[in-house]
4 protein chains.
Amino acid sequence: MATRKPRQTRSKVTVDTIIEAGFIAVASNGTSGTTTRHIADIAGVSVGSLYEYFKNKEEIYDAMAKSFVKEVLDMVKELTPIIVEMELEPLFEMIFYTFRDLLTRDNDRYLICLQYATELKYERYIGQIEMALMEVLMKYMMRHPKYLKVNNLSVTAYISINSSIFNVARHLILPNPQISFDEMVRGLSTMIISYIDAELAKAES
Amino acid sequence: MATRKPRQTRSKVTVDTIIEAGFIAVASNGTSGTTTRHIADIAGVSVGSLYEYFKNKEEIYDAMAKSFVKEVLDMVKELTPIIVEMELEPLFEMIFYTFRDLLTRDNDRYLICLQYATELKYERYIGQIEMALMEVLMKYMMRHPKYLKVNNLSVTAYISINSSIFNVARHLILPNPQISFDEMVRGLSTMIISYIDAELAKAES
Amino acid sequence: MATRKPRQTRSKVTVDTIIEAGFIAVASNGTSGTTTRHIADIAGVSVGSLYEYFKNKEEIYDAMAKSFVKEVLDMVKELTPIIVEMELEPLFEMIFYTFRDLLTRDNDRYLICLQYATELKYERYIGQIEMALMEVLMKYMMRHPKYLKVNNLSVTAYISINSSIFNVARHLILPNPQISFDEMVRGLSTMIISYIDAELAKAES
Amino acid sequence: MATRKPRQTRSKVTVDTIIEAGFIAVASNGTSGTTTRHIADIAGVSVGSLYEYFKNKEEIYDAMAKSFVKEVLDMVKELTPIIVEMELEPLFEMIFYTFRDLLTRDNDRYLICLQYATELKYERYIGQIEMALMEVLMKYMMRHPKYLKVNNLSVTAYISINSSIFNVARHLILPNPQISFDEMVRGLSTMIISYIDAELAKAES
DNA sequence: CATGAATGAGATTTCATTCAT
DNA sequence: CATGAATGAAATCTCATTCAT
């Protein structure tokens with residue numbers, strides 16, 4: 001019943017292998033098409049082993065969500081020093097391309113799983129990402145104080161961040177997007193920057 | 001074996017009841033938690049009847065997707081005459097609020113099902129919505145020709161539409177959004193209008 | 001999830017068949033040796049059918065216990081009119097032999113299951129049997145008022161009933177009992193009657 | 001493969017710890033709820049160690065049964081010199097209370113396990129207890145020859161012993177017994193003694 | 001000897017689908 | 001047409017046992 005905490009290195013590796021297998025399985029079969037046997041087979045372990053480390057299938061999905069979120073957080077943390085030094089336009093482009101690289105890594109694994117975010121309970125951990133992004137924003141504004149004057153700062157940040165995330169993700173998912181990724185990147189940058197400028201202008205009036 | 005096309009009124013009603021029940025079931029149990037029995041119980045018919053009208057579960061989901069998309073299309077068609085006469089700012093606000101009303105109707109039924117869009121194969125029909133929106137856009141520009149000059153028109157349209165849809169949907173889904181719906185509506189309007197203005201400006205230079 | 005209440009005659013029969021099969025399975029394999037597949041096979045239905053009528057294995061065991069207890073209660077109720085008219089000695093003998101007949105019916109089915117009483121949660125329903133026996137006792141004493149004078153009546157009744165039940169059950173279970181059933185019956189009668197006499201004597205002194 | 005006989009003290013201690021853990025596990029989870037991991041955890045050893053000392057789970061249960069029976073036999077042997085010198089009435093009371101103390105020791109461990117006697121294969125060793133009790137009886141009658149005249153001596157002994165054992169055990173098991181333990185002890189004594197007297201009387205006639 | 005990770009056979013349970021009534 | 005009992009394939013999960021370290 002109580003799943004043993006992995007003490008040995010061997011078991012830590014097994015846990016990671018299972019989570020990894022979970023991503024591969026969901027990416028190629030969707031949530032409802034993925035079975036514990038699938039995951040076990042891909043991980044190269046027995047079904048029994050799955051249950052040594054995870055109380056049930058749900059917990060594997062949970063671990064996958066945690067793992068993805070951690071990866072994003074690590075990425076954000078690593079980029080922060082560079083981010084705060086950049087101008088907005090190149091900054092946005094850099095972020096969008098980096099985000100794309102993360103999502104399309106390993107045959108779009110994360111990207112495809114993102115479509116099953118609800119069933120994978122990603123939402124449970126999204127709060128952490130939002131907090132991390134807010135933190136970066138704070139640091140950015142410390143370094144570029146003029147943006148502190150932006151009207152409705154929190155609204156502006158909220159909308160910009162959400163627009164960015166979903167446009168990038170959705171574009172990657174679409175099989176035949178009507179515009180290219182590069183076009184979208186430039187468009188998104190333009191949109192957000194002109195939005196910020198507009199709110200800055202409002203503030204000055 | 002071949003499921004009969006419902007020609008009589010009684011059958012049509014049953015079919016609609018089942019689709020309705022499908023929405024309720026998925027909204028309260030998710031895709032993986034919804035069984036044919038669930039749907040049958042909610043619809044107040046026997047499981048056998050389900051198969052009288054639908055070849056299998058998949059087809060019920062398919063009909064649900066079709067039904068939702070049809071509703072959106074009807075809404076768009078109905079609004080078109082009003083839309084083309086409006087100025088951008090009130091127009092956006094009107095659209096966002098109308099969209100919200102659609103999604104939150106019947107205890108957020110459509111909104112919640114939207115989270116299971118992938119498993120419900122919504123994507124299959126999304127193209128039709130995009131086409132309808134493009135058509136409205138065309139008509140709008142016939143009536144307001146100055147926007148024909150917008151730089152990268154298709155890119156601008158694509159990004160604006162996507163940003164709108166996802167911001168509205170996500171905001172409604174979030175349990176504790178950091179900003180209010182009204183704030184978001186005004187922000188989104190500002191963002192898109194300043195984006196259009198920016199692209200208009202580019203075009204003129 | 002929710003097991004359907006059997007409305008049709010057909011399903012009532014199935015339920016009974018499953019309970020019946022449960023007794024046969026436990027009698028021949030013990031609690032831990034009995035599987036749902038076993039029961040389904042013996043009942044001649046599919047595993048799935050088991051779960052149409054019982055939420056889980058536990059519930060089948062529960063239904064078995066209920067069914068056994070009901071049988072005992074029916075037996076007691078049916079015998080009551082005869083019981084109250086008899087003298088103690090032939091009464092006890094009659095009861096012991098009737099009880100034996102019940103337990104050894106159908107290849108000792110009930111008797112063997114009695115050994116798994118704990119796992120079958122019989123205890124949950126034993127209270128009902130005790131109440132029924134007490135009721136009979138009351139009626140008996142209405143008809144034979146001299147026993148009302150017995151010293152410590154409730155203690156005497158408790159010990160007599162328990163001694164009877166366990167001696168009969170255990171004797172039937174033992175593979176090579178040192179004494180015959182007839183000897184035991186006579187001994188038990190003697191013991192209880194002399195016990196009652198002793199308590200009657202105490203009361204008179 | 002062949003499990004080694006524990007000759008060293010350390011091994012003997014481990015074996016005892018495991019048997020001890022077996023009792024605790026069964027007492028708190030029942031037979032079907034007890035796993036080898038449970039036992040190992042309680043014993044504070046690894047599952048592997050279990051198999052170092054016991055060929056399989058069955059053997060642990062077997063050792064538990066043996067251990068319980070040995071304890072009873074030791075108790076009987078130790079009490080024999082006192083027993084043979086006592087009069088019947090105080091004797092019975094003494095035995096009942098001593099038996100209770102054994103069963104309720106360590107949070108009712110033995111008592112609870114007694115309910116799983118069938119699955120724990122206690123029966124396999126019960127013969128030894130009966131023999132020991134018969135031996136004590138013999139010695140008692142050597143010392144109190146008048147009881148040698150009892151009619152149907154073996155029947156009387158059999159019924160008395162069984163009535164005693166089951167009444168005591170069952171009373172302890174019952175959550176809300178209708179009579180107190182003391183009342184039962186006195187009642188049981190009265191019953192058996194009057195039974196013996198009755199059989200003595202019969203013999204004299 | 002001790003460990004506990006790994007196994008896999010087999011148990012329980014679910015549920016889309018069929019079909020006799 | 002409607003029903004819902006019955007099905008059984010396939011999923012989830014358990015756990016005694018083994019074996020490399």
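Helices here are DSSP runs of at least four residues, numbered from the N terminus, and a residue is near a strand if one of its heavy atoms lies within 4 Å of it. With those two ideas in hand, we can begin at DNA strand E, where H3(D) gives the most to the nearby surface, with five residues. Please keep in mind that this is a predicted model.

Let us stay with DNA strand E for a moment. It is surrounded by 36 residues, and the closest are A:Thr14, A:Tyr53, B:Thr36, C:Thr36 and C:Tyr51. Of the strand's atoms that come within 4 Å of the protein, 71% belong to sugar and phosphate. Several helices take part in this surface. Chain A brings helix H1 (9–33) and H3, chain B brings H3, chain C brings helix H2 (36–43) and H3, and chain D brings H3, with each of these helices supplying at least two residues. Sorted by class, the residues near DNA strand E are nine nonpolar, 19 polar and eight charged.

Now look at some individual contacts with the phosphates of this strand. B:Lys57 has a polar side-chain atom 2.8 Å from a phosphate oxygen of DNA strand E. Chain D takes part too: a polar side-chain atom of D:Ser11 is 3.4 Å from a phosphate oxygen of the strand. D:Ser46 uses its backbone instead, with a polar backbone atom 3.4 Å from a phosphate oxygen of DNA strand E.

Next, turn to DNA strand F. Here 35 residues surround the strand, and A:Thr36, A:Tyr51, C:Thr14, C:Tyr53 and D:Thr36 are the closest. Sugar or phosphate accounts for 70% of the atoms of DNA strand F within 4 Å of the protein, and bases make up the rest. On this strand H3(B) gives the most to the nearby surface, with five residues. The helices that each supply at least two residues are helix H3 (47–53) of chain A, helix H3 (47–53) of chain B, helix H1 (9–33) and helix H3 (47–53) of chain C, and helix H3 (47–53) of chain D. By class, there are nine nonpolar, 19 polar and seven charged residues near DNA strand F.

The phosphates of DNA strand F also have polar side-chain atoms beside them. For A:Thr36, the distance from such an atom to a phosphate oxygen is 2.7 Å. For B:Tyr53 it is 2.9 Å, and for D:Tyr51 it is 2.9 Å.

What do the records say about this part of the protein? In an unreviewed UniProt entry, residues 12–72 of chain A are annotated as "domain: HTH tetR-type". In the model, that stretch of chain A is 87% helix and 0% strand, with its end C-alpha atoms 21 Å apart. UniProt also lists residues 35–54 of chain A as "DNA-binding region", again from an unreviewed entry. Residues 35–54 of chain A are 75% helix and 0% strand, and their end C-alpha atoms are 14 Å apart.

With the DNA in view, we can ask how the protein chains are arranged. Chain B can be laid on chain A by a turn of 179° and a shift of 0.0 Å along the axis, with an RMSD of 0.2 Å. That is the relation of a two-fold axis. Within chain B, the residue that comes closest to the rotation axis is B:Ser163, whose C-alpha lies 2.5 Å away.

Chains A and B also touch: 34 residues of chain B are in contact with 34 residues of chain A. Because 100% of the interface residues of chain B are also interface residues in chain A, the copies meet through the same surface. The size of an interface is often given as the accessible area lost when the parts come together. For chain B and chain A, the buried area is about 3,200 Å², 60% of it on carbon and sulfur atoms. B:Tyr158, B:Arg170 and B:Met191 supply 21% of the area that chain B buries against chain A, more than any other three residues.

Chains C and D can be treated in a similar way. A turn of 180° and a shift of 0.0 Å along the axis lay chain C on chain D with an RMSD of 0.2 Å. The same surface serves both copies, since 100% of the contact residues of chain C recur in chain D.

Finally, which chains do not touch? Chain A and chain C have no contact, and their nearest C-alpha atoms are 18 Å apart. Chain B and chain D are not joined by any contact either, with their closest C-alpha atoms 29 Å apart.

How values were computed:
Residues are numbered from 1 along each chain as its sequence is written. Chains are lettered from A and ligands numbered from 1 in the order in which they are written. This is a predicted model: local features need pLDDT of at least 70, side-chain atom pairs count only at pLDDT 80 or more; totals for chains, interfaces and linings use all residues. Side-chain values use heavy atoms; hydrogens and water are left out. A polar contact is a pair of N or O atoms within 3.5 Å; within protein, one must be able to donate a hydrogen and the other to accept it, and residues adjacent in sequence count only if both atoms are side-chain atoms. Ala, Val, Leu, Ile, Met, Phe, Trp, Tyr, Cys and Pro count as nonpolar, Asp, Glu, Lys and Arg as charged, and the others, Gly among them, as polar. Copies are superposed by least squares on the C-alpha atoms of residues with pLDDT of at least 70 in both. Contact means heavy atoms within 4.5 Å. UniProt positions are given in the numbering used here, feature names are shortened, and annotations may be inferred rather than shown by experiment. Buried area is the accessible area (1.4 Å probe) that two parts lose on being put together, summed over both.
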